[in-house]
Structure formats: C-alpha cells, structure tokens
Amino acid sequence: MGFRALTLMLVAFVFHTACVEPRVRHYNFKVGKKNITRLCASKLILTVNGKFPGPTLYAREDDTVIVRVVNHVNENVTIHWHGVRQLRTGWSDGPAYITQCPIQTGQSFVYNFTLTGQRGTLLWHAHINWQRATVHGAIVIFPKHGTLYPFPKPDKEEILVLGEWWKSDIQAVLNQGLQSGRAPNVSDAHTINGRPGPAPNCSSNGYTLHVEHGKTYLLRIVNAAVNEELFFKIAGHQLTIVEVDASYTKPFKTDTIFIGPGQTTNALLAADQETGKYLIAISPFMDTTVATDNQTATGLLRYLGIQAFSPTEVTAVPPRNATPATTRFMDSLRSLNSRQYPANVPKSIDHSLMFAMGIGVNPCPTCLNGSQVVADFNNVTFVLPTTAAILQAYYYNISGVYTEDFPANPPNPYNYTGTPPANMQTINGTKVYRLGFNSTVQVVLQGTTMIAPESHPIHLHGFNFYAVGRGVGNFDPQKDPESFNLVDPVERNTVSVPTAGWTAIRFRADNPGIWFLHCHLEVHTTWGLKMAFLVENGDGPSESILPPPDDLPSC
Ligand code: C2O
C-alpha cells in the first residue's frame, strides 16, 4: 500500500472517529406563561419556550445533555428527566425537595447528565406541585452510532404526547383539593399533542397524523397525563410494540396500548390499510368506583391522497374498566433479551422489601371537612422537607431533614385485599430506606383495599427495574416467587400495580444518591404515596455521587 493510500485511510479513520464521538447537546428551557385556548375557552398556562406540549429533547445514547432552565414565572419550578438513569448525577434529577431545592423566580439552574445504556423515548416534566400538567415534553434517544434499531427501520417517526386538560387553573384545582381534604376535580379533556379533538359543545380540530400508503411509522407515545392511565387505539390498524421506557422489547402486535402516566411506548404502525381516514382514540382506564372522567380524545390518521369528505373509520374504545385489556398488554411485554441487549435480572436478593400502598384518612383541623385523605407506603405518609433537599442534607450531613427508618415491611400486617382495618390513620414522616452500593433489591408493591382499591402506576427514579411478577389479591411469599420471570421480564421505570393486587420489581442499586419512588398519579403523590431510597457510594470516585453543581438552588 502506497503512502498516499495510507494517509487517505488514516484521514478517513480520524474523520470517522470524530463523527462517532458522543456529543454535548445544549438546550435552553424558559419557563413562562402563555395564554392558550382549548375547549373553546382560554387560560394562562405554564409552558417551556411558549410551547404546549413543550419542546422535544433529542440526543443519542452516550451524549451529554445540558439544559439551562430559567424561571420567568412567579412560582418555584423544577424539571425532571423522567426515566433518565442519572448515573452519579442525582443533582440533575429534578424532584423538588428530594434532589434539589426548586428554582426560584428569576433564577436558573443548569441540568447536566449523560444518557448511558438507554435508547428510545422518555419524557421530561416539571416536578413540583401539579405543574407537569402543562410543563412536559418528549425525550428522544437515538441508538448510539454504529448500532441500529433491532427492528426494521421505519420510514418516519412521530411523537404523540398524551395529556389531560383542565378548564380551570391547575394550581387552583390542586389548592381546592387540599383545602377540602378530598380528591381534586378530574380533568375536562384528554389531549393528543395538546389537542382534545371535537368535544361536547365545542368543535375543535384534533391532532392529525398524515401517512402514506405502504410506509411504516415509528410512533413514540408518551403518557404525560396527570392522574390517568390510558388506552390508545387506531381504528383498523394493528401496532407492533418494540420498546417501552427506553428499553427494547420482544416485538408483539396489539390493537390496544395500555399506558400509565410516566410511561412511554414505541410502536410500529404499518400504513397498510385501504387509503382513508381512521380515528385515533385515547380513553381512561379505571377499574374501581373512584371518580374519573369519561372523556375520549380523538385524532385522525389520514392517508395521503384521500378526498376531504371521505368518511372516517371509527373504533370502539375499551370500556373504562377493561381490566383484561390491561392484563393482556402487560403479559405481552418482555425484554428483548438479545446478546446485544441482555436482561440482567438480579437472581439473588440482598433486600427483600414489601411496600403496602394504602389510602387513609387523617384528622385535619384546617381542612373544610375536618379530615383529609392521605396515602402511604407501609403506613408512612411521606412529607417533603422544606429547608433543604434530602440529597443536600445527606451530602452535607445536615441533620433534622430526614430519618432512615423507613419500614422494610408493613408495620402491622393485615389482609391487604380483604376487609380493611378500622383504624386508617397513618404517620407522617420523611423517611428513607438505605441501600448499600450494588446491593440487589426486590420490592413487592402490594395494593390494598384501604378506602379505594385502585391501580397505581409506580415510578422509581434513578433506575430501571425488572417487573418479575404480578398477581391479584395478597402476595404469597412462599408460592408466588415460583412463577417469577427471571429470564426476560420487561425492564422499565414505571409499572402499573393491579387494583387490589401486587407487582414484584427487582433492581441493582448501582447508582449512588437519593431516589424517589412514588405513584405517578399526581393526586396520590400529593397525598403522600411516595418515599425515597438512599443509595450509598461504592468504592472510589467512579462509584460515588459527583459533587453538587455551583448553581444548585437553595431553599
Ligand atoms: Cu415522572 Cu417523580 O416523576
């Protein structure tokens, strides 16, 4: 080989490597107010960069993302990057008073994290009060350079952010609920990419997805709703699920997607039906008597080249209490578990925990009804600190902010799914559970019949977990583990625990920091269905949490 050829090869090689280096992606998020009209009425909402839903954050696996968030509104703000592992960068996780004090009016904070071992779709959202109703958007993580999707490359990609809309101001809805001590009002509509579609007494345009016959589309579906688990359907079309919560799955076909708030689902849509118009529908799932709305939001799948007046093929939405549709969907979800993307399910367990999830009633002298609905894990109604975030208190050894006595098991075991005990009072506390670095953890999330048995989408920050088992009734520690799937269980960050049933999750505590665990129905988080894990540092700097950034807000 001549010198010239060698030089050329070298240049090509250097150029190639330069191209595949992970990048640093910079974003500016300005939180401000904007007047927008939905359901034929206008109101001021909080937005990022004036958009609803907010801007999509695009990156590639291994990229570093730097987002400068500036608060231009008269209330405190934080942003959470839901599902991002945040390895050693807990300071950038975002839940107010857990990992950071909120960003105050006129202030800013720079979130800085690297996307490691994740590819697919996630979401970002505000993580204080109920701001996430309008402050949310998608995160798209493309596979790293040199790797492909483990499914046929789609012709196009589309993001569908599902949400909820209240006619009233969202803070007013929350305040009214807190004052009454009862459930806040349910939303007035659902939205697809911010649009409810035609609603009773108001004809408004819905979202339209334009497709071309013969092409395949990757739908990145995000449930950014506040208080509702949802069904998603497209008339006349099957969807192939390929990824959830930024983890690849074994592909399977379905006509109905079940998606809880905080969850994301990537599905392939083949535009292989007769050229026409097909309804896209989202509707709530609720298999108990708890008050929920009944609204279906609709959009349109529209093939290129059809007549404007051609009829729309409609689809029946599942009944609101269609538990079997949720079970079928969850049973079909499996990790891809390929050589490139193995499922590393912990086989032996260092911490075997059981968290019973209850709704209780505590006395409340300041509430209109003299009492207040509360929620708890293991009888602890979690109270957020006010003077410092838990992560700060841990890092700087500030005492009096939290305690480490979160119970590993329900303190007073009872028949969780039978007749509830008479005393439904909980204790308030800011209690964390301590885990050694790299220890393995199993948590059985046990639903209960306290006041309202209900399906709970439980979200863990800082980790993906494997959902190894699920059942109705009480978890049986003798019998149930025998049927756990330790081979290819779905890997995710949010899991729906069935009504009056249980779900077992497993993860490895390989990320030092303070990590929030909570129900992603915001109403339940507000009531106290939340706790936090404290994960110790491992050996040396590479297994320890990074020092806090200089601009970390103070309380
Ligand atoms: Cu998507 Cu703690 O939240």
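The following paragraphs go through a predicted model, from its overall dimensions to two sheets and one helix.

The protein contains five helices and 33 strands. Its radius of gyration is 23 Å, close to the 24 Å that the globule rule gives for 555 residues, so the protein is as compact as a globular protein of that length. The C-alpha trace spans about 75 × 65 × 55 Å along the principal axes. Of the 555 residues, 59% are buried, where buried means under 20% relative accessible area. The exposed surface of the protein comes to about 22,400 Å², and carbon and sulfur atoms supply 52% of that area. Contacts can also be sorted by sequence separation: among those between residues at least 6 apart in sequence, 80% join residues at least 24 apart.

Strands of a sheet pair through backbone hydrogen bonds, either parallel or antiparallel. One open sheet here has four strands in the order S2-S1-S4-S6, with mixed pairing. Its edge strands are S2 (41-48) and S6 (108-114), and each of them pairs on one side only. From one strand to the next, the twist averages 25 degrees. Inside this order, strand S1 (residues 24-38) and strand S4 (residues 64-71) run parallel and are joined by eight bridges. To locate this pairing in the model, take lysine 30, whose bridge partner in S4 is valine 70.

A second open sheet is built from six strands in the order S10-S9-S12-S17-S14-S15, and its pairing is mixed. Strand S10 (189-192) and strand S15 (247-254) stand at the edges with a single partner strand each, so one side of each is left without a neighbour in the sheet. Neighbouring strands of this sheet are turned by 25 degrees against each other on average, direction ignored. The partner of S10 in the strand order is S9. Strand S9 (residues 156-165) and S10 pair in the antiparallel sense, over four bridges. Glycine 163 is a place to find this pairing, as its bridge partner in S10 is threonine 191.

Among the helices, H3 (residues 323-332) shows how burial is distributed around an axis. The buried residues of H3 are Ala325, Thr326, Phe329 and Met330. Seen down the axis of H3, these buried residues fall within an arc of 125 degrees, so they line one face of the helix. The face of H3 turned away from the buried side carries Pro324 and Arg328, which are exposed.

Technical notes. Residues numbered from 1 in each chain as written. Predicted model: local features only at pLDDT ≥ 70, side-chain atom pairs only at ≥ 80, totals over all residues. Heavy atoms only, no water. Pairing = 2+ DSSP bridges. Helix = DSSP H or I, 4+ residues; strand = E, 2+ residues; numbered from the N terminus. Axes fitted to C-alpha atoms, helices over the stretch in contact; angles between N-to-C directions. Rg over C-alpha atoms; globule rule 2.2 N^0.38 Å. Buried < 20%, exposed > 50% of the residue type's maximum accessible area, 1.4 Å probe, protein only. Contact = heavy atoms within 4.5 Å. Areas by Shrake-Rupley, 256 points an atom, 1.4 Å probe, with all protein chains shown as cover. Arc of directions from axis to C-beta.
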